[in-house]
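Trainee: Hi! Could you walk me through this one while I have it open on my screen?

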Amino acid sequence: MLSFYEYITEKSDGRGLTVFDIDETLFQTKAKVKIVKDGEVVRSLDNQEYNVYKLKPGESYDYSEFRSAQVFHDTSLPIERMVEKAKVIIKNATAAGSKVIIITARAQFDDHKVFLAAFRKHGIPVDDIHKIETSGDLKLGSSAKNKRFVFHKYLKSGQYDRARFFDDAMSNITMFKSLAKQYPDIKFEAYLVNHDGSIKKV
């Protein structure tokens, strides 16, 4: 495990891209994705269950709760240790000319201003973040596939010498690390986030 101070004193050269997941990485969230079959809700999934769920024949996703910015704003609880890491990283990246993005398996929220207000409420400098990517809009079949598509968009630009990713789902971490073969000139660092906000380098 890396302690907070061990992490922030790491030194990396070159232009960097740092990516944070939202659900169960920066915030503990309450929204559910519903599974619908024949017009009825047959199951509700939390974020971690959604990351690995595969639709069965006749099933579809209902993202209405997952898209509610008000639900996110009112019920999400910051994972303090990760939020403090993010604040330091965003500050350092801004000063060094590197970029920080946030990626989520969710589709676009129904009220972007309310969504951003949730970050500001907890002191996260969201206005210094390069972009928030709602990968759920892509609908490529899984959270990992959606996020992989977004990563390609940034990595193929040739702007970055290193890429770091913080996520609570090993499936997403594995996907991210698999990109190293395609981009051998980029240094990849993946960090699995635990429920208490501690991180493990994978």
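Mentor: Happy to; we can go through sheets, helix packing, salt bridges and one loop residue.

Trainee: Before that, what sort of model is this, and how are residues numbered?

Mentor: This is a predicted model, where local features need pLDDT of at least 70, side-chain atom pairs count only at pLDDT 80 or more, and totals for chains, interfaces and linings use all residues. Residues are numbered from 1 along each chain as its sequence is written, and side-chain values use heavy atoms, with hydrogens and water left out.

Trainee: Great. What is the strand order in the open sheet of six strands?

Mentor: The order is 8-7-1-9-10-11, and the pairing is mixed. Two strands pair here if DSSP finds at least two bridges between them. Helices (H or I, at least four residues) and strands (E, at least two) are DSSP runs, numbered from the N terminus.

Trainee: Which strands are at the edges?

Mentor: Strand 8 and strand 11, each pairing on one side only. From one strand to the next, the twist averages 20 degrees. For angles, axes are lines fitted to C-alpha atoms, for helices over the stretch in contact, and the values run from 0 to 180 degrees between N-to-C directions.

Trainee: In what sense do strand 9 and strand 10 pair?

Mentor: In the parallel sense, over six bridges. To find your place there, look for Ala163, which stands opposite Phe188 in strand 10.

Trainee: And what lies across strand 9 and strand 10?

Mentor: Helix 7 does, running at about 175 degrees to strand 10.

Trainee: Let me jump to the three strands. What order do they take in their open sheet?

Mentor: They go 4-3-5, with antiparallel pairing. The edges are strand 4 (40-45) and strand 5 (59-62), each pairing on one side only. The twist averages 30 degrees from one strand to the next in that sheet.

Trainee: How many bridges join strand 3 and strand 5?

Mentor: Four, in the antiparallel sense, with strand 3 covering residues 33-37. One pair to look for is Lys37 and its bridge partner Glu59 in strand 5.

Trainee: Back to helix 7. At what angle does it pack with helix 6?

Mentor: Helix 6 (residues 143-155) and helix 7 (residues 170-178) pack at about 35 degrees, with axes 9 Å apart. The crossing of helix 6 past helix 7 is right-handed, a term for the near helix being turned clockwise from the far one by less than a right angle, while anticlockwise would be left-handed.

Trainee: Which residues make the contact?

Mentor: Helix 6 brings Ser143, Ala144, Lys147, Arg148 and Phe151, while helix 7 brings Ser171, Asn172, Met175, Phe176 and Ser178. Contact means heavy atoms within 4.5 Å. By class, that makes four nonpolar, four polar and two charged residues. Ala, Val, Leu, Ile, Met, Phe, Trp, Tyr, Cys and Pro count as nonpolar, Asp, Glu, Lys and Arg as charged, and the others, Gly among them, as polar.

Trainee: Nice. How many salt bridges does the structure hold?

Mentor: Nine, counting a side-chain nitrogen of Lys or Arg within 4 Å of a carboxyl oxygen of Asp or Glu. Lys147 turns up again here, linked with Asp21 and Asp167 in a network of salt bridges.

Trainee: What about Arg15, which residue does it bridge to?

Mentor: Asp161, with the closest N and O atoms 3.5 Å apart. The pair links distant parts of the chain, 146 residues apart: Arg15 is in the loop between helix 1 (4-8) and strand 1 (16-21), and Asp161 is in the loop between helix 6 and strand 9 (162-167).

Trainee: Are those two buried or exposed?

Mentor: In between: Arg15 is partly exposed at 42% relative accessibility, and Asp161 is partly exposed at 31%. Buried means under 20% relative accessible area, exposed over 50%, and partly exposed in between (1.4 Å probe, protein chains only).

Trainee: And which residue does Lys153 pair with?

Mentor: Glu133, with the closest N and O atoms 2.8 Å apart. Lys153 is in helix 6 and Glu133 in strand 8 (residues 131-134), 20 residues apart. Lys153 is partly exposed at 38%, whereas Glu133 is buried at 8%.

Trainee: Last one: where does Ser68 lie?

Mentor: In the loop between strand 5 and helix 3 (69-75). Ser68 is buried, with a relative accessible area of 13%, and touches Phe109 and Asp110, not counting residues up to four places away in sequence.
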